[in-house]
Amino acid sequence: MDSKCSICGVHVCETNSDANLPQFCPMEDQELYKEAVAIINSDEYKEFYQNSCLIERDGYTVWPRVKEILVFIKRMKFKKVGLAFCGGFIPEAKILTKIYKENGVDLISAICKTGAIDKSTVLSEEEKLSPGEYEPICNPVAQAMILNKAETEFNIIMGLCVGHDSLFTKFSKALCTTVVVKDRVTGNNPCVALYCADGYFKNRLNYNGE
């Protein structure tokens, strides 16, 4: 049976209790966890993972995510860090770049519209937001290729569209983290829709609350 942690009412993993595992619990497969821990403890990922845990401990409820990522970069001693950002986040990208530069991290950045390729190369004119007008495509694959060419050791994603973020992560040679998730309706805070799922967003989400 497939894992369904999101509907579990026991969460033995959180409490380490003696409660019986639900049928859909993936913890029945202990070999999977042995393999996962072996990967975490491997020479390739151990320092990365340990610093991730220490960032959580040291900055818990104190550091905003912008600071957490900055401290993580410095502790990992990354020399080349990439920023793949959406064209709708130019002001935010500039601020992030300035903050990081003042703290000794010079970001190598690539905007989503890089290449100036019209959407007519991948969509029909009728499918564009503004048919008949120049409308550049978001190009997450090119963003990844640009940062790969620069040999970045770690990449930050800022506001890439749904799906475009997936393609960037797929083609990035370096591991990635996200500093901002785009949501054009909630001021870039997707959890608002979840917090209001039983109220203001109920109809928009086609959710009956059951």
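1. Helices H6 and H7 run roughly parallel to each other. In this predicted model, the axes of H6 (residues 140-149) and H7 (residues 164-171) come within 8 Å and cross at roughly 30 degrees. The label follows because angles under 35 degrees count as roughly parallel. The crossing of H6 past H7 is right-handed.

2. Which residues make up the contact between H6 and H7? On the H6 side they are Pro140, Val141, Gln143, Ala144, Leu147 and Asn148. On the H7 side they are His164, Leu167, Phe168 and Phe171. Sorted by class, the contact holds seven nonpolar and three polar residues, with no charged residues. Pro140, Val141, Ala144 and Leu147 of H6 are among the nonpolar ones, as are Leu167, Phe168 and Phe171 of H7. Gln143, Asn148 and His164 fall in the polar class.

3. Next, the cysteines. A search of the whole structure returns zero disulfides. Cys176, for instance, is in no disulfide, and the nearest cysteine sulfur, that of Cys112, is 16 Å away. A disulfide would need the two sulfur atoms within 2.5 Å, so this pair does not qualify. Cys176 is partly exposed, at a relative accessible area of 25%.

4. Cys191 is likewise in no disulfide. For Cys191 the nearest cysteine sulfur belongs to Cys196 and lies 11 Å away. The 2.5 Å cut-off therefore excludes this pair too. With 31% relative accessibility, Cys191 is classed as partly exposed.

5. Two backbone points deserve a look. Lys77 is not a glycine, yet it has a positive phi of about 60 degrees. Where does Lys77 lie? Lys77 sits in the loop between helix H4 (65-76) and strand S1 (81-85). Is Lys77 buried or exposed? Its relative accessible area is 61%, so Lys77 counts as exposed, the threshold being over 50%.

6. Ala116 is the other point: phi is near 50 degrees, a positive value in a residue other than glycine. Ala116 belongs to the loop between strand S2 (107-111) and H6, the helix that meets H7 through residues including Ala144 and Leu147. Ala116 has 52% relative accessibility and counts as exposed, because the class begins over 50%.

Key: Residues are numbered from 1 along each chain as its sequence is written. This is a predicted model: local features need pLDDT of at least 70, side-chain atom pairs count only at pLDDT 80 or more; totals for chains, interfaces and linings use all residues. Side-chain values use heavy atoms; hydrogens and water are left out. Buried means under 20% relative accessible area, exposed over 50%, partly exposed in between (1.4 Å probe, protein chains only). Axes are lines fitted to C-alpha atoms, for helices over the stretch in contact, and angles run from 0 to 180 degrees between N-to-C directions. Helices (H or I, at least four residues) and strands (E, at least two) are DSSP runs, numbered from the N terminus. Angles under 35 degrees count as roughly parallel, over 145 as roughly antiparallel, 65 to 115 as roughly perpendicular and the rest as oblique. A crossing is left-handed if the near helix is turned anticlockwise from the far one by less than a right angle, and right-handed if clockwise. Contact means heavy atoms within 4.5 Å.
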